Amino acid sequence: MINKAINGFKTTWKGLSLTIRHLFASNAKRQVISVTDDNYFKRLEGTNTIQYPHQKLPVPEVGRYQLDVEIDDCIVCDLCAKICPVDCITIDSIKATELIGNTSDGSPKRIYAAKFDIDMAKCMYCGLCTIVCPTECIVMTNQYDRTVFELKDLNYEFSDMTPEVAAEKRQLLENQLAERQAAKLAAMNKKEGGA
Amino acid sequence: MSFYITYVLVSIGLFAFSALFALFAVYGERKVSAFIQDRLGPTETGKFGLLQTLADILKLLQKEMIIPTAADKILFMMAPAIIFIAVYMGFAALPWAPGLIPSKINLGLYYIFAIISIETLGILMAGWGSNNKYSILGAMRSAAQIISYEIPAGFALISVVMIAQTLNLQDIAIQQGTLSAEKIKFLGFWDITKIGGILSWNIFRAPHLIIAFVIYFIASLAESNRAPFDIPEAESELVSGFHTEFTGLRFGLVFLAEYSMMFLVSMVGVILFLGAWNTPLPNIGAIHLADWTTSKVWGIFWIATKTLTLVGIQMWIRWTIPRLRVDQLMNLCWKVLTPLAFVCMLVSGIWRIWLM
């Protein structure tokens with residue numbers, strides 16, 4: 001009984017002395033160092049709080065945060081939409097009637113992107129789309145702090161085509177297809193007639 | 001007629017003091033807990049976050065006061081008022097300085113002890129009135145705990161009263177310094193009536209009162225429902241116990257009562273054991289430190305300093321020691337503190353007869 005009481009006092013005192021040391025320990029601002037730093041896990045002194053908007057931890061170079069698309073470099077191959085495990089990328093493509101131009105790495109662009117939407121609310125930040133992209137136009141930025149008031153604001157629209165332009169291009173494509181169909185029919189008729 | 005105005009002014013002053021103290025004690029508590037846990041605590045509202053609790057109370061004032069449909073409305077609405085008024089009325093009999101006491105009653109200690117017990121009633125009303133199983137569990141625990149811990153606390157206080165031979169808190173305070181009319185003996189043999197200072201405090205007049213003081217301090221933690229005796233509000237099991245259902249100003253009152261209670265029990269401890277408003281500095285030869293630092297202003301300064309130190313220790317303990325289980329709580333109370341308090345009372349009797 002007495003031993004128990006003495007032990008209680010001893011352990012209580014030990015705890016109290018530990019907390020009072022922390023109470024009067026340095027409460028200097030936390031130095032912000034990267035997680036890759038050798039000292040990162042050895043820093044046990046001082047305050048642990050990162051005062052977020054004023055202080056930010058440096059993000060690693062390979063960090064996977066918000067997606068961004070450089071639409072001028074996109075050849076609308078649809079690979080990113082196909083590999084996406086959660087189907088957060090929606091692409092509406094229109095074949096062009098002729099070569100549109102070249103991307104910055106020289107690949108020919110033959111398809112218009114009437115719609116290129118990424119729903120960041122669905123995105124699971126796996127980064128697969130950035131890996132399959134042949135022109136490296138879809139990348140993950142180091143931007144991670146994003147808050148919106150409406151869920152639809154998380155749907156990022158990257159296409160720069162207006163609906164009117166898209167409709168015009170669609171019409172052009174239809175005309176071209178119709179022309180080709182007609183030409184094909186004519187060729188087949190000719191072939192049958194010749195035989 | 002004018003004494004009515006004085007009464008009202010004094011009571012408003014005490015209310016303002018307890019409200020202000022609660023505000024800054026909450027801020028202090030948050031800062032202390034933050035530093036102990038290597039955090040920073042409030043930093044954004046005002047310089048060093050000083051206006052944080054003010055903003056909190058403004059928010060509480062604006063909130064809707066919700067009464068649960070199934071609650072017992074009268075009990076539910078009266079409970080916070082009773083809890084707070086019980087603690088607030090305890091302040092009436094506490095001496096602040098020589099000649100400065102809101103109500104000089106010769107049963108001061110008895111009165112305080114009686115009026116604080118009413119808080120239990122308020123807590124039970126809150127728990128029962130809420131019609132919520134967590135609240136009633138918290139209230140039952142609180143009642144069991146407060147009633148149990150009043151016994152060691154009471155006997156620890158009786159051992160002081162036996163030394164002091166009075167229940168008047170102002171007289172008990174006067175006995176512990178140079179203003180004393182009777183002889184004061186340090187440890188029962190050295191006459192230090194003219195020297196005063198820390199040596200004439202009750203815990204040094206009769207050293208077994210140190211044990212009584214520790215018993216009282218532990219019991220006072222339990223009476224104000226503070227960790228490690230906070231099973232009535234045990235957040236991890238009972239949401240927050242008896243005040244789960246309270247919102248807005250009613251919750252504010254319960255909170256105010258808790259912090260006022262901390263100050264009240266600390267101040268009672270200071271008055272009975274740690275020399276009340278008497279200075280810790282003794283007269284040494286021609287240097288009359290004790291006489292120089294005994295006056296109304298100094299009295300308020302000393303008693304506030306000592307009490308705030310005890311409140312600080314309460315916070316320090318809260319953020320160090322984990323919560324006791326119910327059986328451990330009752331073990332400590334009935335098997336350790338109560339017998340020890342009885343021994344203290346016995347020693348007090350012997351001390352009074354043989355050494356004083």
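**Note on the two-chain model**

1. In the largest nonpolar core, which counts 88 residues, the members that touch the most other members are Ile83(B), Ala156(B), Ala212(B), Ile215(B) and Ile271(B). The greatest contribution to this core is made by helix 10 of chain B (residues 248–273), with 16 residues. Since domain 1 (15–62) and domain 2 (67–355) of chain B both give residues to this core, it lies between them. The model is a predicted one, and what follows should be read with that in mind.

2. Ala156(B) illustrates how the core is connected. Once its neighbours within four places in sequence are left aside, Ala156(B) is in contact with Ala212(B), Ile215(B), Tyr216(B), Ala341(B) and Cys344(B). Two of these partners, Ala212(B) and Ile215(B), are themselves named among the residues that touch the most other members of the core. Apart from the core of chain B there is another core, of 18 residues, which includes Tyr112(A), Phe116(A), Cys129(A) and Ile138(A).

3. The secondary structure of chain B consists of 13 helices and two strands. Its radius of gyration is 21 Å, close to the 21 Å given by the globule rule for 356 residues, so chain B is as compact as a globular protein of that length. Taken along the principal axes, the C-alpha atoms of chain B fill a box of roughly 65 × 50 × 45 Å. Of the 356 residues of chain B, 44% count as buried, and among the contacts in chain B with a separation of 6 or more, 77% are accounted for by residues 24 or more positions apart.

4. The domain assignment of chain B gives domain 1 (15–62) and domain 2 (67–355), whose C-alpha centres lie 23 Å apart. Between these domains, 15 residues of domain 1 of chain B are in contact with 16 residues of domain 2 of chain B. On the domain 1 side, helix 1 and helix 2 (52–62) of chain B are the elements that give two or more residues, and the largest share, 12 residues, comes from helix 1 of chain B. That side of domain 1 divides into 11 nonpolar residues, three polar and one charged.

5. Chain A has four helices and seven strands, and from the N terminus on its elements run α-β-α-β-β-β-β-α-β-β-α. Whereas a compact globule of 195 residues would have a radius of gyration near 16 Å, chain A has 30 Å, and its C-alpha atoms fill a box of roughly 115 × 35 × 35 Å along the principal axes. Buried residues make up 10% of the 195 residues in chain A. Residues 24 or more positions apart nevertheless account for 68% of the contacts in chain A with a separation of 6 or more.

6. Chain A is divided into domain 1 (2–42) and domain 2 (67–175), and the C-alpha centres of these two domains of chain A lie 52 Å apart. The residues named from the other core, Tyr112(A), Phe116(A), Cys129(A) and Ile138(A), carry numbers that fall within the bounds of domain 2 of chain A (67–175).

7. Between the chains, 11 residues of chain B are in contact with 12 residues of chain A. The largest share of the chain B side, three residues, comes from helix 1 of chain B (residues 2–36). By character, the residues of this side of chain B divide into eight nonpolar, one polar and two charged. Helix 1 of chain B thus recurs in this note, as it also gives the largest share of the domain 1 side that touches domain 2 of chain B.

Notes. Residues are numbered from 1 along each chain as its sequence is written. Chains are lettered from A and ligands numbered from 1 in the order in which they are written. This is a predicted model: local features need pLDDT of at least 70, side-chain atom pairs count only at pLDDT 80 or more; totals for chains, interfaces and linings use all residues. Two residues are in contact if their C-beta atoms, placed from the backbone, lie within 7 Å. Ala, Val, Leu, Ile, Met, Phe, Trp, Tyr, Cys and Pro count as nonpolar, Asp, Glu, Lys and Arg as charged, and the others, Gly among them, as polar. Domain bounds come from an automatic or database domain assignment. The radius of gyration is taken over C-alpha atoms; the globule rule is 2.2 Å times the number of residues to the power 0.38. A residue is buried if 20 or more other C-beta atoms lie within 10 Å of its own, exposed if 12 or fewer, and partly exposed in between; C-beta atoms are placed from the backbone. A nonpolar core is a set of buried Ala, Val, Leu, Ile, Met, Phe, Trp, Tyr and Cys residues joined through C-beta atoms within 7 Å.
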